[in-house]
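Colleague: Please take a close look at the side-chain contacts here, for a reader in the first year. Explain each term when you use it.

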Amino acid sequence: MTTTTMTATTTMAPATRNTLALANIGVAIAAFGVSTAMGLLQSLSIADINFPKRSEELYYMSVTAHGVLMALVFTTFFIMGLGYVIAQEGLGAIRGRALGWIGYWLAVAGSLSAAVTILRGKATVLYTFYPPMQAHPLFYIGATVLVVGSWIWGGVIIASYRAWRRDHPRVPAPLTVHGMLATVILWYLATIGVAIEMLGMLIPWSLGFVDKIDPLVARTYFWWFGHPLVYFWLMPAYIIWYTVLPRIVGGRLFSDPLARMAFILFLILSTPVGFHHQFADPGITAGWKLAHTVLTYGVMFPSFMTAFTVIASLEIAGRLRGARGLFNWIGRLPWSDPLFAAVALAMIAFTFGGFGGAINAAYAMNSMVHNTAWIMGHFHVTLGTTVALTFMGATYWLLPRLLGRQLRFTWLARAQPYLWFAGMSIFSVSYHIAGLRGLPRRVYSASLSGDQGAPWHFLTVVAAQGGMLLFLSAVCFVSVVIATWTSGKKIDAPPFEFAVPLRPPVASIWDRFGLWTVVAIVLIAAAYAYPLAELLSHPRYGSPGFKPY
Amino acid sequence: MEIDLYERIWMWAATALIVVFLGAIILTTGAEAIEPPSHVETIDPATISTHPEFATPKVVQRPDGSIVVPVVTAMFAFSPSPIEVPSNVPVTFRITSVDVIHGFQIAGTNANAMSIPGYVSQFTITFPKIGEYQIVCNEYCGLLHHMMSGKLIVK
């Protein structure tokens, strides 16, 4: 497959530029840039470092904006853009480009509606928007329209795949496409949960059609969506790790079938695990929480496999570059290449983030860390580094190929991933420890009601230094992107090349997406049908809306 | 499917690690009943001001010596506060909310539960160490969320 891909793309003229991909990635990076500035202000505020206009309103509003822009807008748009790149390069064509643009504009309109509502201070409900805290209806409607836009994107990807499949029966799809299809299907299954919550509960309640809402039922639907959301971010990062990284360093993909298997395992295991976010909730029995725990640990397995395959692929590259001995190959890797550095550091972060996740999921141990600053530390290593740094690295790789322009400020692009990694290490380690000492997450001031900051005040000040490094790194990244986009030297767009596996791919059971979708649905039904029915059968009273912001 | 020998070993090792993790969790759950707070009980948040247990929540000692502490969370305070309990005695907290979702976390311990309107959260814990503990709200509940704190005195 790789050979056809290469010949198809080396001749790519500017006329066939993948504008759909570029438009999506542009929105993603804009959201990222705005959001990082807010992150900096929050880390200062928590540490009680004063700045002009610092206020509770600004803090909690910006926490909401930071969460929504990073977790929903930056990620979704970047993934949509990457999906269009993969459809174009892996399948030869995007089918339904016009629909793709409709999806894009819907998603833009939805994001703007949600973002403006937040910035106006009408939706300070955080990105988890737990009722009975109530936001302005335009926040819920905007977020829903963003998801609808992404559904259309998913449809375009699937239509492109089916068109390709008709011409290519019985051959495995390129690994990039395989991973992206798993991501799209996962996204459909995950967003069913939040769609039920939005359309069936939050929107009618915020518009006043119903008076009351059951907060626990809403939370349960949210986490049906909330956990696979994490894998919706992570799987595209893994696509980069498996297919781009080995190629960039001159290695081979160690094992193609196991990579395919890993994506399928994510597809089936990452949704029926949402209760591990609700361990501390009443109303859900311990047995069901334990069942979700078991599946949560199951979903660690494909990540372990990914670690092996990707690192083995890198070792091949190091040895092809003449490395000898056990570890010498590590030094032979191109640590000054922006994509490689970003992705390698993202992978190192995930080693820590993954084990942190195992602690969070550990049922009883979760009580030590639930909703503390530890969790902030955790997801800034995982989403904030593993995923975000991979996407930043991928941007350095994508832009010259999509724009036909040379990367500008290459030295900044080289330094930026290290700066991010250093900043995040300081930020995240501090908050992990502060959380263990009892600092709750998302507080305007770590001294809480006045004099209670002693056990963690110093740590929050250290974390703020990390926050400054992170912001500096983000400024570097955005500068490189803007400079490249507007004034990068025009070049012939380099081809999109993906890693070649050691052994050629063969058709296998992992290609049967219909089958795996059914398995995924069965697992979701098994994990959720009974506990949801139980939850809905209690005498329930519901809550009116509150707007304490 | 061809799988390299080293990869096979790695996959078995990863499986073993996951089994050990899960084994540790299931063992402590089964043998020592260590579970997250998972009590199932509903309550009408509108009636809490007249509720026999929660209208004026007070620490209660049961005939067997164990302690029950009903707690009401509201923007932006815990009631009762301070809470006084003896050390080395099982203390059962029963927590509910009159308005939005709050958190109930005793800093420096593993007492940590969500307080969700319409539901009663319940867990039992023994405090071996005498002293004063901070109770903090760990779920965003409005602009003064960070100010919401209480005190636990273990005697």
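Modeller: What follows takes ring contacts, then charged pairs, then one helix.

This is a predicted model, in which local features need pLDDT of at least 70 and side-chain atom pairs count only at pLDDT 80 or more, while totals for chains, interfaces and linings use all residues. Residues are numbered from 1 along each chain as its sequence is written, chains are lettered from A and ligands numbered from 1 in the order in which they are written, and side-chain values use heavy atoms, with hydrogens and water left out.

Rings come first. Over all chains, a search of the whole structure gives 52 aromatic pairs. In one of them, the ring centres of A:Phe139 and A:Tyr140 are 5.5 Å apart and the planes stand at 70 degrees, so this pair is edge-to-face. (Rings of Phe, Tyr and Trp, the last by its six-membered ring, pair if their centres lie within 6.5 Å; planes under 30 degrees apart are stacked, over 60 edge-to-face, and the rest tilted.) A:Phe139 is buried, at a relative accessible area of 1%, and A:Tyr140 is buried too, at 0%. (Buried means under 20% relative accessible area, exposed over 50%, and partly exposed in between, with a 1.4 Å probe and protein chains only.) Both residues belong to a cluster linked by ring pairs, which also includes A:Tyr127, A:Phe129, A:Tyr130, A:Trp153 and A:Trp187.

A:Tyr130 has a further partner: A:Arg219 lies over the face of its ring, 4.4 Å from the centre. (A charge sits over a ring if NZ of Lys or CZ of Arg is within 6 Å of the ring centre and within 35 degrees of the ring normal.) In the same way, the charged end of A:Arg54 sits over the ring of A:Tyr444, at 4.3 Å from the ring centre.

A:Arg54 also leads to the charged pairs. Side chains of opposite charge can pair when their charged atoms come close. A:Arg54 forms a salt bridge with A:Asp48, at 3.0 Å from N to O. (A salt bridge is a side-chain nitrogen of Lys or Arg within 4 Å of a carboxyl oxygen of Asp or Glu.) A:Arg54 is buried at 15%, whereas A:Asp48 is partly exposed at 29%. Over all chains, the search finds twelve salt bridges. Another joins A:Arg319 to A:Glu315, with the closest N and O atoms 2.8 Å apart. These two lie in helix α10 (residues 300-320) of chain A, four residues apart, or about one turn of the helix. (Helices, H or I with at least four residues, and strands, E with at least two, are DSSP runs numbered from the N terminus.) In chain B, B:Glu84 and B:Lys155 meet at 2.8 Å, N to O. This pair links distant parts of the chain, 71 residues apart: B:Glu84 is in strand β4 (residues 83-85) and B:Lys155 in the segment after β10 (149-154). B:Glu84 is partly exposed at 40%, and B:Lys155 is exposed at 56%.

Last comes helix α17 (residues 513-537) of chain A. Its 25 residues reach 35 Å from first C-alpha to last, close to the 36 Å expected at 1.5 Å a residue. (The expected span is 1.5 Å times one less than the number of residues.) The buried residues of α17(A), among them A:Phe513, A:Trp516 and A:Tyr528, pack against α6 (175-206), α7 (215-248), α8 (256-269) and α9 (286-298) of chain A. (Contact means heavy atoms within 4.5 Å.)
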